[in-house]
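This report walks through a single protein chain, beginning with its cysteines and moving on to its overall build, its helix packing and a few individual residues.

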Amino acid sequence: MREDTNSSTPLLEESEVKDRKEVSGMEQWRGEIVKSIIYAGLEAIFTCFSLIASTSATNLSSVEVLALGIANLVADGISSSLGDFLSSSAKEDLAIEEMAVTQWELNNHRKDQQEQLLQQYQTLGMDLNDANTVVNIFAKYNDILRDQKMTAQKGMMPPDQGGQKPWKNGVVSFLAFAGFGAAPLLSFVVLKPFTDNELVMFIGACFMSAIALTFLGIAKAKICGKRNYVGSVGFVLLNGAVAASAAYFLGWML
């Protein structure tokens, strides 16, 4: 009779399991970084272009508009990156605290916690026998059982396993804000040696902002796995147009 060796042969070596855990942590961190880039980029373009639109409705010169834009870009960039850092830190601290609470519950009320997880799986539609089998398997591995309780029962992801630091989110947020926020200001820098016409510079700022927003719209659709690039770009451009129009007319009225 042919001997079945599949049951005794591990699917993954221990080193491979460790590598996959590190990759999983890095993928989770990349997701946070992508969110920071998209959010900071959109906020930067909207903020800077709205400032240009509002000041263009006044009698400010192009040099004054550029100076205000740079000051606003730096101040809001610092504020955005600090906010991203604080929110990431708070999220990580909360996950660590909740993980400690969950571990205490397992150490002191393990049977009750397994029963609650069993009921949670049944609520999600799992058969009683299958749910019982899954919970019994997880019960053999404390870390897996703890993480499953946090995810399935409490709706909270475990702390990042990639060892990434919240300050990296803040740095990425600042760089994205400064990079994309500079797009509307480039027209004042590039066109200044050729013309002093404020209208031409304003149209150039509109054009540069539209290009940056188009890029972010495409990136947003690609990251989210959507194929409707036109719809994503159109929605982002519409938001930018509404924000700029409101800023322009408020500057003109005031």
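## Cysteines

In this predicted model, C206 has a relative accessibility of 28% and therefore counts as partly exposed. C48, by contrast, is buried, because its relative accessible area is 1%, which falls under the 20% limit. A disulfide is a covalent bond between the sulfur atoms of two cysteines, and a search through the whole structure returns zero of them.

## Overall build

What kinds of secondary structure element does the chain contain, and how many? The chain has nine helices and zero strands, so that, read from the N terminus onward, its elements follow the order α-α-α-α-α-α-α-α-α. The chain counts 254 residues, of which 34% are classed as buried. When contacts are restricted to residues at least 6 apart in sequence, 75% of them join residues at least 24 apart.

## Annotated transmembrane regions

The UniProt record, an unreviewed entry, lists residues 171-193, 199-218 and 230-251 under "transmembrane region". In the model, residues 171-193 are 87% helix and 0% strand, and the C-alpha atoms at the two ends of this span are 33 Å apart. Residues 199-218 are 100% helix and 0% strand, with end C-alpha atoms that lie 29 Å apart.

## Packing of α6 and α7

Helix α6, which covers residues 166-181, packs with helix α7, which covers residues 183-191, at an angle of about 45°, and their axes are 5 Å apart. The arrangement of α6 relative to α7 is therefore oblique, because an angle of this kind lies outside the ranges for roughly parallel (under 35 degrees), roughly perpendicular (65 to 115) and roughly antiparallel (over 145).

Which residues bring these two helices into contact? On the α6 side they are G179, F180 and G181, and on the α7 side they are A183, P184 and L185. Sorted by character, the residues of this contact comprise four nonpolar and two polar ones, with no charged residue.

## Two glycines in helices

G69 sits in helix α2, which runs over residues 62-108, and at 1% relative accessibility this glycine counts as buried. Leaving aside residues up to four places away in sequence, G69 touches L51 and L185; the latter is also one of the α7 residues that meet α6. The C-alpha atom of G69 is 6.1 Å from that of C48, although 21 residues separate the two in sequence, and C48 is itself buried at 1%.

G204 is part of helix α8, residues 198-223, and is buried as well, because its relative accessible area is 14% and the limit for burial is under 20%. Its contacts, again not counting residues up to four places away in sequence, are with S187 and L191. Between the C-alpha atoms of G204 and P184 the separation is 7.8 Å, for two residues that are 20 apart along the chain; P184 belongs to the α7 side of the contact with α6.

## A243 in the last listed helix

Is A243 buried or partly exposed? This alanine, found in helix α9 (residues 229-253), is partly exposed, because its relative accessible area is 27% and the buried class is limited to values under 20%. The C-alpha atom of A243 is separated by 8.6 Å from that of F49, a residue 194 positions away along the chain.

Methods. Residues numbered from 1 in each chain as written. Predicted model: local features only at pLDDT ≥ 70, side-chain atom pairs only at ≥ 80, totals over all residues. Heavy atoms only, no water. Disulfide = S-S within 2.5 Å. Buried < 20%, exposed > 50% of the residue type's maximum accessible area, 1.4 Å probe, protein only. Axes fitted to C-alpha atoms, helices over the stretch in contact; angles between N-to-C directions. Helix = DSSP H or I, 4+ residues; strand = E, 2+ residues; numbered from the N terminus. Contact = heavy atoms within 4.5 Å. Nonpolar A, V, L, I, M, F, W, Y, C, P; charged D, E, K, R; others polar. UniProt positions renumbered as here; feature names shortened; annotations may be inferred.
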